[in-house]
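Here are a few notes from going through this one. Have a look at the structure first, then see whether the points below match what you see.

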Amino acid sequence: MIPMACRRRVQCIPPSKSPPSKLGGDFVDLWPIVQKWVAQVSLTLTADTDRASRVTLNGAIMLDILRHQIEYYRARAPEYDDWFYRRDRYGHGEAHTRRWQREIQRVRDRLYRVSDLGHILELAPGTGIWTAELIQIGERVSALDASPEMIAINRAKLGSERVDYQLVDLFRYQPARQYDMVFFGFWLSHVPADKLPRFLKTVHDALKPGGRLFLVDSRAVDLAKNRTGTANLGADLQRRALKDGRQFDIVKVYYDPAALTETLRAHGFDIEVEETENFFIYADGRKRA
Ligand SMILES: C[S@@+](CC[C@H](N)C(=O)[O-])C[C@H]1O[C@@H](n2cnc3c(N)ncnc32)[C@H](O)[C@@H]1O
């Protein structure tokens, strides 16, 4: 049977229950050991650094998950805002929406503590939920996303000449200049653990000494009551479903605030990660001068 993780968007090589027919002799005896190894090990293949190719706990080899993550957000762009505004499948009643909005407001208040910034770099801006805030606190925003659909919605919503957009794969990105602030919302959780050090170095390179770093992301959620088809697959992977039923497997890392604080500090930032009561983690700090 094809493992769950192989059925849809992710290209998989399912583990075989019997040895390849051409092999014989000693290798046949070794086959149970090979199977056990494939079933247990979880590692990222580094031969092609553009690909996050994984051997997962269920033995499926998943190729190109980061490319599929881009495809997922390209396809999700028209319905993305339902999540943030708690509409449709994401609605859990008025009390829940009020809690969500109150916690977002806490993050927003923190963001507005400094509001005379120059040039802000926003990574993975999506439909512009935060771009709209950033343009209030900075003179210019450069917004870098890998989805043309997200960029089109963002541009149409904001219509601002003070925002420039670039179609960029952040796993290949090298900043050509330094900014007064770097912001990313709900992006860090999509960076696989093995790519985090390089990503944080990129952020560090992109900031002027003393420049501001602000991030907001998700706290781990109880998926028991979700009506969106989201399921945790283990190994920092999640299955997501669009309204039309199409499924995608993506990276989703939930961070412990203390551990993430330590990691960010080790990468040259004076920062502390905080959390709201239910939904979010956020951090507001600076690149060490
Ligand atoms: C969860 S959304 C966050 C959007 C926005 N920051 C927000 O808070 O609403 C993730 C965004 O990352 C973008 N993305 C996914 N993979 C990417 C990649 N490799 N490089 C750049 N952007 C990527 C998606 O297109 C999407 O806009």
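The points below cover the ligand shell, the nonpolar core and the strand pairing.

1. Before anything else, keep in mind that this is a predicted model.

2. Start with the ligand. It has 21 residues around it, and the closest are Tyr73, Ala124, Gly126, Ser147 and Gly185. Split by class, the shell comes to 15 nonpolar, 4 polar and 2 charged residues. Helix 2, spanning residues 65-76, is the top contributor to the shell, with 4 residues.

3. Next, the core. The largest nonpolar core counts 51 residues, and Val182, Phe183, Leu213 and Leu215 have the most contacts inside it. Leaving aside residues up to four places away in sequence, Phe183 touches Ile120, Glu122, Trp130, Leu134 and Phe214. As background, nonpolar side chains tend to be buried together in soluble globular proteins.

4. Strand 15 (residues 280-287) is worth tracing. Strand 9 (residues 207-218) runs antiparallel to strand 15, joined by 7 bridges, and Arg212 sits opposite Arg286 there. Strand 13 (residues 269-270) also pairs antiparallel with strand 15, over 2 bridges; here Asp270 has Arg286 as its bridge partner.

5. Strand 14 (residues 273-275) is antiparallel to strand 15 too, with 3 bridges. Glu275 faces Ile281 in that pairing, and a hairpin of 4 residues links strand 14 to strand 15.

6. Last, another hairpin. Strand 10 (residues 231-234) and strand 11 (residues 237-241) pair antiparallel over 3 bridges, with Asn232 opposite Gln238. Where should you check the backbone in this hairpin? Look at Ala235, which takes a positive phi near 50°, in a hairpin with 2 residues between the strands.

Note on methods. Residues numbered from 1 in each chain as written. Predicted model: local features only at pLDDT ≥ 70, side-chain atom pairs only at ≥ 80, totals over all residues. Pairing = 2+ DSSP bridges. Near = placed C-beta within 6 Å. Nonpolar A, V, L, I, M, F, W, Y, C, P; charged D, E, K, R; others polar. Core = buried A, V, L, I, M, F, W, Y, C linked by C-beta atoms within 7 Å. Buried ≥ 20, exposed ≤ 12 C-beta atoms within 10 Å, placed from the backbone. Contact = placed C-beta atoms within 7 Å.
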